[in-house]
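Work through these exercises with the structure open beside you. Try each task before you read its solution.

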Amino acid sequence: MIRFLLLYLLCCSLCAHAQTIDVTVFGARPNSFEDATESVQKAIESCRGQSTSVINFPTGRYDFWPGKATETHYYISNTSDENEVPVKDQKVGLMLKHLKNITIEGNGSLFVFHGKMITWVIDSSENIQIKNVAVNYERPGMSEMTIKSISPTAIKAVIHPDSKFAVINGKLEWYGEGWKVRPEGFFAALVKPATGTIFYSSWLPFYESGAEVIAPLTVTFTGNFSKFKADTGDVLTIRDAIRDYVAAFQNRSKNISLHDVQMYSLHGLGIVSQFCENLDYDSVLVAPQQGSGRVIASSADGMHFSGCKGQITISHCRFKGLHDDPVNVHGTHLQVTEIISPTTLKLRFMHHQTYGFMAFDKNDSVAFVHAQSLQTFGAGIIKSAKLISEREMQVELQQPVTLIKPGDVLENITWTPSLTIKNSRFETTISRGTLITTRRKVIIENNVYYRTGMHAILIADDASGWYESGPVMDVTIRNNQFIECGYNSFPNNYIINIQPEAHQLMPGYYVHKNITIENNLFKVYDYPVLFAKSTNGLVFSGNTITKSNFMKAGEKRAAISLTACAQVKIAHNKFEGWQPEIQLDGMKKKDIKADMAIINERKNN
């Protein structure tokens, strides 16, 4: 809190003494629908060498086109691989590189981007604030159509005006400004606006059917829809599965503030921060523009943080309409492939979508981890590091490392952030609400998680799938509301899921530590509430759990399931209208203190 108060006061002081640069001086004209890209970039460049600057946008609409945009070649975590996009060519609307002490003041303006573009990049910069602006795409990457009638052999749909399409040789094709969705690359999700829910679906029956335009924006599909599940009024949302772009990218920068920023549509992975320090997001909206008739804002995550440090604060934000997770905070495990010498290791990026960036650098502290158990067995400091290919790094350590072997992984523990998420709302997301894997202090409080498709909160850590690191050591989840979440995760639809992907459980070793879940409201339609695995120091206390009839419940099963945990305390919770069960697996009775009966024990001593 003190850190961000000082940052706020610094921003106020800087603004008070800042030079103000009006973008219209450089030729940008609001509401002209002309390409403002070059003019705005000139305004940004005019700040170079200045102590403090405010780039002012008189209120209005500003359009950005890729033709005169800055071209970049970033490798960005969790995006397309080298087969999907062999050459990383990105066009950027607002490019801020090697700059400091700049405020972009939108004054309520709307920035509209054309084609595929990254809206802004902040690279190797510090003390950057973006405020009072809305962002949209002329043609969002998501296509949407509302089901008007449905039978086993035909569907009539009305297509949203923003979703450009053509019927060619009896087949519907989605296209945009300079792009189209690849026939083999569709991803589809079905939104039910009446309930605020979103489910995995398929475009395949439509792709295989015949299509005919029968009225403006109205198409009849004729084919086999016997297995397609939908109701009239549902909205089918379709996108390309390849993450070739992100909405915004922040790289190797610090002290970034977003305030009153509305992201109405986002290409790819949303706002991605990679190796950044101190990020403050206040009143950021990731949701379709009100009155637009659209139901999806992001084709993947809302905010993605990879390998950051310092303090991340997300407050008074709202997420609605996402094809993936609103917030994901993690590092990256790299696998040891060769021990070149006692101090020198060859490492490899393992997940196909994450590679090509400096995951380690000189003086970074690292943890040595057994991949199968996620057991940390040592630590070291990097003396030197270099990329030797897109997929491989070579690191030299200050001291020889023992016990390490090929197949183990390294985690960068210098670049792990503290995280606060408060007073925010998460809804209409097909997957989780929040993913957390950081070893520093985490506070999640006073939020509403409303009908998230999967777990409202997932605490994972893995070195075999996404390779997203690492353990948590101090997490507090308090005073939140969890309303009818988890319907896409049945039957393991726990509202909070603490599930490290440890394939070998080591006696006496716990991946996660010190997690407190207290004074929350859970409104659940089914039985599962909490799952925890390999966690030491878990408290579930003072929570209220009520049942609803939102969906049909499954078979009766445990409300709380614990696997190989220790020092667990479950007390003073209020389950209204039902008798909960606790299930233990691989634990002893001395590992848990509970004021609820433990009625199901498996593999316990």
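**Exercise 1: Empty space inside**

Task: Find how many cavities of 30 Å³ or more the whole structure holds, and name the residues closest to the centre of the largest cavity.

Solution. Step 1: a search of the whole structure gives seven cavities of 30 Å³ or more. A cavity here is a set of points, on a 1 Å grid over the protein atoms alone, where a 1.4 Å probe fits but cannot get out. Grid points are joined across faces, edges and corners, and a volume is the space filled by probe spheres set on the points. Step 2: the largest cavity has a volume of about 180 Å³. Step 3: 15 residues line the largest cavity, and D240, I242, H267, G268 and S299 are the closest to its centre. Lining residues have an atom within 4 Å of a point.

A note on the model: it is predicted, so local features need pLDDT of at least 70 and side-chain atom pairs count only at pLDDT 80 or more, while totals for chains, interfaces and linings use all residues. Residues are numbered from 1 along each chain as its sequence is written, and side-chain values use heavy atoms, with hydrogens and water left out.

**Exercise 2: Strand β5 and its partners**

Task: Is strand β5 mostly covered or uncovered, and which residue of β5 is the bridge partner of T72?

Solution. Step 1: locate β5 at residues 90–97. Helices (H or I, at least four residues) and strands (E, at least two) are DSSP runs, numbered from the N terminus. Step 2: β5 is mostly covered, with six of its eight residues buried. Buried means under 20% relative accessible area, exposed over 50%, partly exposed in between (1.4 Å probe, protein chains only). Step 3: β5 pairs with strand β4 (residues 70–72) in the antiparallel sense, over three bridges. Two strands pair if DSSP finds at least two bridges between them. The partner of T72 is Q90. Step 4: β5 also runs parallel to strand β7 (residues 118–123), joined by five bridges. K97 stands opposite D123 in β7.

**Exercise 3: What covers helix α2**

Task: List the buried residues of helix α2.

Solution. Step 1: helix α2 spans residues 37–45. Step 2: its buried residues are T37, S39, V40, Q41, A43 and I44. Step 3: the cover over them includes β1 (19–22), β2 (53–56), β3 (61–64), β4 and β5.

**Exercise 4: The nonpolar cores**

Task: Which members of the largest nonpolar core touch the most other members?

Solution. Step 1: a nonpolar core is a set of buried Ala, Val, Leu, Ile, Met, Phe, Trp, Tyr and Cys residues joined through side-chain atoms within 4.5 Å. Step 2: the largest core has 94 residues, and L94, W120, F305, I517, F522 and L562 touch the most other members. Step 3: strand β8 (residues 126–137) gives the most to this core, with five residues. Step 4: another core lies apart from it, with 22 residues, among them I147, L190, W203 and F225.

**Exercise 5: An open sheet**

Task: Why do β14 and β15 each have one side without a neighbour in the sheet?

Solution. Step 1: write down the order of the seven strands, β14-β13-β17-β9-β10-β16-β15, in an open sheet with antiparallel pairing. Step 2: β14 (197–200) and β15 (210–215) stand at the edges with a single partner strand each, so one side of each has no neighbour in the sheet. Step 3: look at one pair inside. Strand β9 (residues 143–150) and strand β17 (residues 235–240) run antiparallel, joined by four bridges. S143 stands opposite I238 in β17.

**Exercise 6: Unusual backbone**

Task: Which residues does each cis peptide bond join, and where does L374 lie?

Solution. Step 1: recall that most residues other than glycine have a negative phi, and most peptide bonds are trans. Step 2: one cis bond joins S469 and G470, with omega about 5 degrees. G470 is in the loop between β38 (468–469) and β39 (475–478). Step 3: another cis bond joins F490 and P491, with omega about 5 degrees. Step 4: L374 has a positive phi, near 60 degrees. L374 lies in the loop between β28 (365–370) and β29 (375–387). L374 is buried, at a relative accessible area of 3%.

Methods
Contact = heavy atoms within 4.5 Å. 1 Å grid on protein atoms, 1.4 Å probe; cavity = no way out; pocket = protein on both sides within 12 Å on 5 of 7 lines; lining within 4 Å.
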